[in-house]
Amino acid sequence: MTGLAYIENPLDRCANRRGDASWIATLRQAKNVRMVHINGDKTIVVDGRIVTSLPSDDPEPIFLGLDHKGAPWFASTSNVAENLRDLRSLALEGVLPGPELGILAQARALVHWHARRGYCSNCGGRNEVADAGYRRHCPSCNIDHFPRTDPVVIIVVRREGHILLGRQSSWQPGMFSALAGFMEPGETIEAAARREVFEEAGVRVGAVTYVASQPWPFPASLMIGLIGEAESADIRLDRQELDDARWFPFAEAMLMVERRHPDGLWATNPMAIAHQLVRAALQSP
Ligand SMILES: [Zn+2]
């Protein structure tokens, strides 16, 4: 899918080598090392490129991978305050090349995970960083902790030439999107999607088709994009979740995708998977 943010990541993560501490230490000292500075949701950007040449005082930067020139990339927690841009704005505005956004998604998710996993969730002991940042080990109870990714199902539901979109009151005026929610333990992707749509809009969904996925590092989601075929039509809103949900005829939905709707309604930004799912739902049989 073209235009989606965070989906391109050119780095070779070298998962089978990053446990070699001496190799990682050598890479840290390499002349061509690239350091991504992460401060909350932000990184340093100058002239439309992320700045990777500044030194870091982070004692345990995370190894991100090798680029096609063999340069090692690391991510560090940073307190740098100048030239910061937040990752969402960078994606929305299309400021950075796609591969740099992909690297930022990896960096941001990992830095956030480490910031909250200093102590063992099993025994409360102090965790140690291992595998160049892809594991934390608790020496007290000998348990390993791994970075997590939280799957979210996001689905455009169709029925007889219409698609179901909803909106929350906190969103920008006129914006409608696909329905979405976190998967729960012990659920299949299809079951989670059917549950979310029924809970939020009261619509029953039958067949569910996978379309695409998108890392969404705020802080650690993976959006799993789906198209579903409705088995019922009546909408019953859960007002806690949604402010509005409607069946839009295909022609009207296309106006929303193209930002030409007469009432100013629109179907999210092209960098978000919801927008691309709406396009796909209107085009595929
Ligand atoms: Zn422990």
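At 18% relative accessibility, D244 counts as buried, because the cut-off for that class is under 20%. In this predicted model, D244 forms a salt bridge with R246, and the closest N and O atoms of the two side chains are 2.9 Å apart. R246 is partly exposed, with a relative accessible area of 34%.

This pair belongs to a wider set, since the count of salt bridges comes to 15. Among them is the contact between D41 and R108, whose side chains meet at 2.8 Å, N to O. That pair links distant parts of the chain, with D41 in the loop between strand 1 (34-38) and strand 2 and R108 in helix 3, 67 residues apart. Another salt bridge joins E184 and R195, with the closest N and O atoms 3.9 Å apart. E184 lies in the loop between strand 12 (179-182) and helix 4 (189-201), while R195 is in helix 4, so the pair ties together parts that are eleven residues apart in sequence. Both residues also take part in a network of salt bridges that links E184, E187, R195, E196 and E199.

The table lists the accessibility of the residues in these last two pairs.

| Residue | Relative accessible area | Class |
|---|---|---|
| D41 | 25% | partly exposed |
| R108 | 8% | buried |
| E184 | 44% | partly exposed |
| R195 | 17% | buried |

Helix 3, which carries R108, covers residues 98-115, and its end C-alpha atoms are 26 Å apart, in agreement with the 26 Å that its 18 residues should span at 1.5 Å a residue. Of those 18 residues 14 are buried, so helix 3 is largely enclosed by the rest of the structure.

Three strands form an open sheet in the order 3-2-6, and their pairing is antiparallel. Strand 3 (49-50) and strand 6 (84-86) stand at the edges with a single partner strand each, so one side of each has no neighbour in the sheet. Strand 2 (residues 42-46) pairs with strand 6 over three bridges, and T43 has R85 in strand 6 as its bridge partner.

The model also holds a zinc ion, whose protein donors are the SG atoms of C120, C123, C138 and C141, lying 2.3 to 2.4 Å from the ion. The arrangement is tetrahedral, because the four donor atoms subtend angles of 98 to 116 degrees around the zinc ion. In sequence, the donor residues follow the spacing C-x2-C-x14-C-x2-C. Of these donor residues, C120 is buried, with a relative accessible area of 5%, whereas C123 is partly exposed, with a relative accessible area of 39%.

How values were computed: Residues numbered from 1 in each chain as written. Predicted model: local features only at pLDDT ≥ 70, side-chain atom pairs only at ≥ 80, totals over all residues. Heavy atoms only, no water. Donors = N, O, S within 2.8 Å, 3.2 Å for Na, K, Ca; no water. Tetrahedral: all angles 85-135°; square planar, octahedral: opposite > 155°, others 65-115°. Buried < 20%, exposed > 50% of the residue type's maximum accessible area, 1.4 Å probe, protein only. Pairing = 2+ DSSP bridges. Helix = DSSP H or I, 4+ residues; strand = E, 2+ residues; numbered from the N terminus. Expected span 1.5 Å × (residues − 1). Salt bridge = Lys/Arg side-chain N within 4 Å of Asp/Glu carboxyl O.
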